[in-house]
Amino acid sequence: MLANNQGTHLGTGGQDQLWQVLDDRGAVVLIRPADLPAPAVENVPPFAADFLLDTTRAADLLVRSGIVRHYPNIRFILSHAGGLVPYASHRLAVAIASDTGRSPLDILEELRGFYFDTALSSSLDAGVDAGTLAAVNRTNAEALFPRLGGAPVSAPVRSPAARLRQSAQRAGARLFFRLVQSGTR
C-alpha cells in the first residue's frame, strides 16, 4: 500500500472497512512511500528524505489513530528500513501520548510491532551479531510468511512473571504520564 494517495494518508478517517478486511484475513501489508503532495525541496531528491518522511508519517498515523491496536491481525512492514521510525520512535511516542493521553510505553510497543523492509539497507550487515543477522535476512520473513519458509516460526513465550512485570511497568508509566499531563494543562 502507498503511504499516501494524492495526499490522503493511511491512518486517516474513513478507512475502517479496508482495515477490517485486512484484519479478517491476517494480511501482511507492505507500506511504500509515495510522492508527497507538495513539491520536492530543490536539490534534495525525494528518495533521500521525502520517502523516509512519508513512511514515518504513515506509521505515526497508524498508531495515533488506533489502527495498529484495533486491527491486531494485520502485520505491517515499513519500507526503507522503517523510514525514520527506528530513530524517532521515542519522539513519536511522546508526541502521540501527549495528543491522545495514552502511555508512551504502550505507543512504543505498537511502534516495535512494525516490521522493517531491509532490502535497501546496505549498511545493516556491519557489526551485527550472527543471530540478529539471520533474523533480518531470513527468519523474520519466515515468521511473516511461514508457508514460504517451511515450518512456522513461533513467537517466544514469556513467563507469567515477565508478563506481570511488564504489566506493572506499563501501569506505573500510565499513572506517571497522566500525572505529568495533568500538571501541564
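Q: Is A81 buried, partly exposed or exposed, and what is its relative accessible area?
A: In this predicted model, A81 lies in helix α4. Buried means under 20% relative accessible area and exposed means over 50%, with partly exposed in between. A81 is therefore classed as partly exposed, because its relative accessible area is 21%.

Q: What is the value of phi for A81?
A: A81 is not a glycine, yet its phi is positive. H80, which is also found in helix α4 (residues 79-82), has a positive phi near 55° and is likewise a residue other than glycine. For A81, the value is about 60°.

Q: What pattern of helices and strands does the protein chain follow along the sequence?
A: The protein chain has 9 helices and 5 strands. Read along the sequence, these elements give the pattern β-β-α-β-α-α-β-α-α-α-β-α-α-α.

Q: What is the strand order of the open sheet of 3 strands?
A: The edge strands are β3 (28-31) and β5 (115-116), each of which pairs on one side only. Strand β4 (residues 75-78) is joined to β5 by 2 bridges, and these two strands run parallel. β3 and β4 also pair in the parallel sense, over 4 bridges. The order of the open sheet is β3-β4-β5.

Q: Which residue in β5 is the bridge partner of I77?
A: On the β3 side, I77 in β4 stands opposite L30. In β5, the bridge partner of I77 is Y115.

Q: Which residue in β5 stands opposite L78?
A: L78 in β4 has I31 opposite it. In β5, the residue opposite L78 is F116.

Q: Which side chains of β3 point to one face and are buried?
A: The side chains along β3 alternate between two faces. V28 and L30 point to one of these faces and are not buried. The buried side chains, which point to the other face, are those of V29 and I31.

Q: Which element gives the most residues to the largest nonpolar core?
A: The largest nonpolar core has 27 residues, and W19, I31, L62, F76, L111 and F114 touch the most other members. The elements that give two or more residues to this core are α1 (16-24), β3, α2 (50-64), α3 (67-70), β4, α5 (85-100) and α6 (104-112). With 6 residues, the element that gives the most is α5.

Q: Which residues does W19 touch, not counting residues up to four places away in sequence?
A: W19 is among the members of the largest nonpolar core that touch the most other members. L62 and F76 belong to that same group, and both are also touched by W19. With residues up to four places away in sequence left out, W19 touches M1, L10, G11, L62, I67, Y71, I74 and F76.

Q: At what angle do the axes of α2 and α5 cross?
A: Two packed helices are described by the angle between their axes and the distance between the axes. The axes of α2 and α5 come within 10 Å, and their crossing is right-handed. The angle of the crossing is roughly 35°.

Q: Which residues in α5 are met by residues in α2?
A: On the α2 side, the residues involved are T56, A59, D60, V63 and R64. On the α5 side, they are V85, L92, A95, I96, D99 and T100.

Q: What distance separates the C-alpha atoms of L53 and G83?
A: L53 has its place in helix α2 and is partly exposed, with a relative accessible area of 33%. L53 and G83 are 30 residues apart along the chain. The separation of their C-alpha atoms is 6.5 Å.

Q: What percentage of the contacts with a separation of 6 or more comes from residues 24 or more positions apart?
A: The count covers contacts in the protein chain with a separation of 6 or more. Residues 24 or more positions apart account for 71%.

Q: What percentage of the accessible surface belongs to carbon and sulfur atoms?
A: Of the 185 residues of the protein chain, 32% count as buried. The accessible surface of the chain comes to about 11500 Å². The part belonging to carbon and sulfur atoms is 58%.

Methods:
Residues numbered from 1 in each chain as written. Predicted model: local features only at pLDDT ≥ 70, side-chain atom pairs only at ≥ 80, totals over all residues. Heavy atoms only, no water. Pairing = 2+ DSSP bridges. Core = buried A, V, L, I, M, F, W, Y, C linked by side-chain atoms within 4.5 Å. Buried < 20%, exposed > 50% of the residue type's maximum accessible area, 1.4 Å probe, protein only. Contact = heavy atoms within 4.5 Å. Areas by Shrake-Rupley, 256 points an atom, 1.4 Å probe, with all protein chains shown as cover. Axes fitted to C-alpha atoms, helices over the stretch in contact; angles between N-to-C directions. Left-handed = near helix turned anticlockwise from the far one by under 90°.
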